Amino acid sequence: MAPKKAAPVPARKETPSLPSDVEDLKAEIDRQIGSLVNQSNRGEIVTRMVSVVQERFSGPIAHPRHLRAYDDIVPGSAERIIRMAEKAQDHNAGMDTKIVDGQIDDQKRGMRLGLFALVLVLCLAAGFGYMDKPIMAGMFLSTAVLGAIPVFVFGRNGKN
């Protein structure tokens, strides 16, 4: 089987820029299709074409066409806008790092304070046991056991 030849690429012609407003775009498409499409289907066809043709852009900086327009108005402004977006991104990343580091420090501090409190309660229980006060020793020991063991079993949030 002989390989298929690629269809010749038509000469590229400059296309006019699309209207920025959706209604203008609908009117332009309606004008361009003219008598090619019968009146009964025209509205539906125009609506579908607009949904396909309409350009959407999302990102931290302006659309490249808009950047070019800014740069045409104020030379160097596109670079400044991009630099501003980069600085904002760096700032956000730095803030995220600080937040995570702060949360880790809080967790470590909470674990240390919890361990200190557990050891203190156990020491008090041992002291009362040494002083031959078994009820007080039992109360402190049960407080330590009831407070500490669920943390080890279920985690700090108490969820399974």
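## The Asp106–Arg109 salt bridge

In this predicted model, the side chains of Asp106 and Arg109 pair up in a salt bridge, with an N to O distance of 3.0 Å. Both residues belong to helix H4 and sit 3 residues apart, so about one helical turn separates them.

How accessible are the two partners? Asp106 is partly exposed, at 46% relative accessibility. Arg109 is also partly exposed, and its relative accessible area is 44%. Neither value is under 20%, the cut-off for buried, or over 50%, the cut-off for exposed, so both residues land in the class in between.

## The Arg83–Glu79 salt bridge

Searching the whole structure turns up 2 salt bridges. Besides the Asp106–Arg109 pair, there's one between the side chains of Arg83 and Glu79, at 3.5 Å from N to O. This pair lies in helix H4 too, with the residues 4 apart, or about one turn of the helix.

Is Glu79 buried or exposed? Glu79 has a relative accessible area of 52%, which puts it over the 50% cut-off, so it counts as exposed. Its partner Arg83 comes in at 40% and is partly exposed.

## Where H3 meets H4

Helix H4 covers residues 77–130, and helix H3 covers residues 64–73. Their axes come within 7 Å of each other and cross at roughly 125°. That angle falls between the 115 degrees that ends the roughly perpendicular range and the 145 degrees beyond which helices count as roughly antiparallel, so H3 is oblique to H4.

Which residues make the contact between H3 and H4? On the H3 side you'll find Leu67, Tyr70 and Asp71. On the H4 side, the residues are Ser77, Ala78, Ile81 and Ile82. Sorted by class, this contact has 5 nonpolar residues, 1 polar and 1 charged. The charged one is Asp71 and the polar one is Ser77.

## Gln89 and Pro60

Gln89 is another residue of helix H4. With a relative accessible area of 49%, Gln89 is partly exposed; the cut-off for exposed is over 50%, so Gln89 doesn't qualify for that label.

How far apart are Gln89 and Pro60 in sequence and in space? Along the chain, 29 residues separate them. In space, the distance from C-alpha to C-alpha is 8.6 Å.

Technical notes. Residues are numbered from 1 along each chain as its sequence is written. This is a predicted model: local features need pLDDT of at least 70, side-chain atom pairs count only at pLDDT 80 or more; totals for chains, interfaces and linings use all residues. Side-chain values use heavy atoms; hydrogens and water are left out. Axes are lines fitted to C-alpha atoms, for helices over the stretch in contact, and angles run from 0 to 180 degrees between N-to-C directions. Helices (H or I, at least four residues) and strands (E, at least two) are DSSP runs, numbered from the N terminus. Angles under 35 degrees count as roughly parallel, over 145 as roughly antiparallel, 65 to 115 as roughly perpendicular and the rest as oblique. Contact means heavy atoms within 4.5 Å. A salt bridge is a side-chain nitrogen of Lys or Arg within 4 Å of a carboxyl oxygen of Asp or Glu. Buried means under 20% relative accessible area, exposed over 50%, partly exposed in between (1.4 Å probe, protein chains only).
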